[in-house]
Amino acid sequence: MSIATRDVRWAAGGAMIVDGVTIEAAAGSTLGLLGPNGSGKSSLLRLIGRLRRADAGIVTLGGADIAALPHAAIARRLALVEQQATTEIPLTVLEIVRLGRTPHRGPLSPWTGADDAAVESALRHVGMEEKRDRLWHTLSGGERQRTHIARALAQTPSELLLDEPTNHLDIRHQLEILSLVSRLPATCIVALHDLNLAALFCDTIAILCDGRVVCAGPPDQVLTAETIRDVYGVNAHVERSPHHGKLQVHFLIG
Ligand SMILES: Nc1ncnc2c1ncn2[C@@H]1O[C@H](COP(=O)(O)OP(=O)(O)OP(=O)(O)O)[C@@H](O)[C@H]1O
């Protein structure tokens, strides 16, 4: 497994936020992390990204315990795009995306053609090539989100963690970004709220509730009307779309 957690626990403010989570994502696959607000998705991503240390349990990257890996080694292989990343420094889009190359460069090593190629490819993939000289604070919410995703792509990670990467994006950019993520050679874990986008782009899905995994597996097994009702308290009809062959969730209101 490229990314795995075993019985990971993390408590904060006197409460168990991540409560014995065991998940795994095969190399190159996309795992969707679903669950209601406050179910622990961001906290789990931060534990996997080593921004927080688990109180118990193990996170492994490529089979190696992340707690034993040097931070520099983690930074070279794993990228995390957080939900509300921001900066007060007056940086341009290009400067931010170039920061993605930092883990691959020594303090004195010159900027290389490979660095340029990674940055250009990242800008192109998120459609921000023409806005490369724009200052961060002049960007729209969606442009900021795409810039942060580009920074992570420029890092050329083998493991990519994304916390609600589409929440500011219009539908075309939502589809483009998730399509890109699902086609990357990297192993991706993506926290999402949109069940239909998860059905379209994820190989597997894990649903969190109160810090615990309540259901995990391929979308066909996880996205059932029963689970959606139990987890979200919402009635739904789930069917296979005749148009793209993936599951489609229809919410039943009233
Ligand atoms: N440092 C902290 N101290 C106390 N409580 C915390 C801390 N970090 C997170 N929490 C709580 O843990 C719970 C899970 O938060 P988390 O952000 O991981 O959920 P989430 O599933 O990502 O939510 P959302 O879908 O709303 O983004 C929330 O109730 C949150 O208030």
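**Reading a sheet, a ligand shell and a core**

Q: Where do I start, and how do β1 and β2 pair?
A: Keep in mind that this is a predicted model. Strand β1, residues 3-12, and strand β2, residues 15-25, run antiparallel to each other, with eight bridges between them. To get the register, look for residues that stand opposite one another: Trp-10 faces Val-18 in β2.

Q: What do β1 and β2 form, and how many residues lie between them?
A: They make a hairpin, with two residues between the strands. Check the backbone angles there too: Gly-13, in the turn, has a positive phi of about 55°.

Q: Which strand does β1 join through five bridges?
A: That's β4, residues 56-61, and this pair is antiparallel as well. Here the register can be read from Arg-6, which sits opposite Ile-58 in β4.

Q: What is the order of the strands in the open sheet?
A: Follow the pairings from one side to the other. You get β2-β1-β4-β5, four strands with antiparallel pairing. The edges are β2 and β5 (64-65), each of which pairs on one side only.

Q: Which residues are around the ligand?
A: Walk along the chain and you'll meet Ala-12, Gly-13 and Ile-17, then Gly-35, and then Asn-37, Gly-38, Ser-39, Gly-40, Lys-41, Ser-42 and Ser-43. Gly-13 is worth a second look, as it's the turn residue with the positive phi and also part of this shell.

Q: Which element gives the largest share of that shell, and what are its residues by class?
A: Helix α1, residues 41-48, gives the largest share, with three residues. By class, the shell has eight polar, two nonpolar and one charged residues.

Q: Which residues have the most contacts inside the largest nonpolar core?
A: Look for Leu-33, Ala-122, Ala-150 and Ile-189, in a core of 64 residues. Take Leu-33 as the worked case: leaving out residues up to four places away in sequence, Leu-33 touches Lys-41, Leu-44, Ile-189, Val-190, Ala-191, Ala-206 and Leu-208. Lys-41 therefore links two parts of our tour, being in the ligand shell and in contact with Leu-33, within 7 Å by C-beta atoms.

Q: Why does the radius of gyration agree with a compact globule?
A: Compare the value with the one expected for the chain length. For 254 residues a compact globule would come near 18 Å, and the protein chain has 18 Å, so the two agree. The C-alpha trace spans about 55 × 40 × 30 Å along its principal axes.

Q: How many helices and strands are there in the protein chain?
A: Nine helices and twelve strands. Buried residues make up 39% of the chain.

Notes: Residues are numbered from 1 along each chain as its sequence is written. This is a predicted model: local features need pLDDT of at least 70, side-chain atom pairs count only at pLDDT 80 or more; totals for chains, interfaces and linings use all residues. Two strands pair if DSSP finds at least two bridges between them. A residue is near a molecule or strand if its C-beta atom, placed from the backbone, lies within 6 Å of it. Ala, Val, Leu, Ile, Met, Phe, Trp, Tyr, Cys and Pro count as nonpolar, Asp, Glu, Lys and Arg as charged, and the others, Gly among them, as polar. The radius of gyration is taken over C-alpha atoms; the globule rule is 2.2 Å times the number of residues to the power 0.38. A residue is buried if 20 or more other C-beta atoms lie within 10 Å of its own, exposed if 12 or fewer, and partly exposed in between; C-beta atoms are placed from the backbone. A nonpolar core is a set of buried Ala, Val, Leu, Ile, Met, Phe, Trp, Tyr and Cys residues joined through C-beta atoms within 7 Å.
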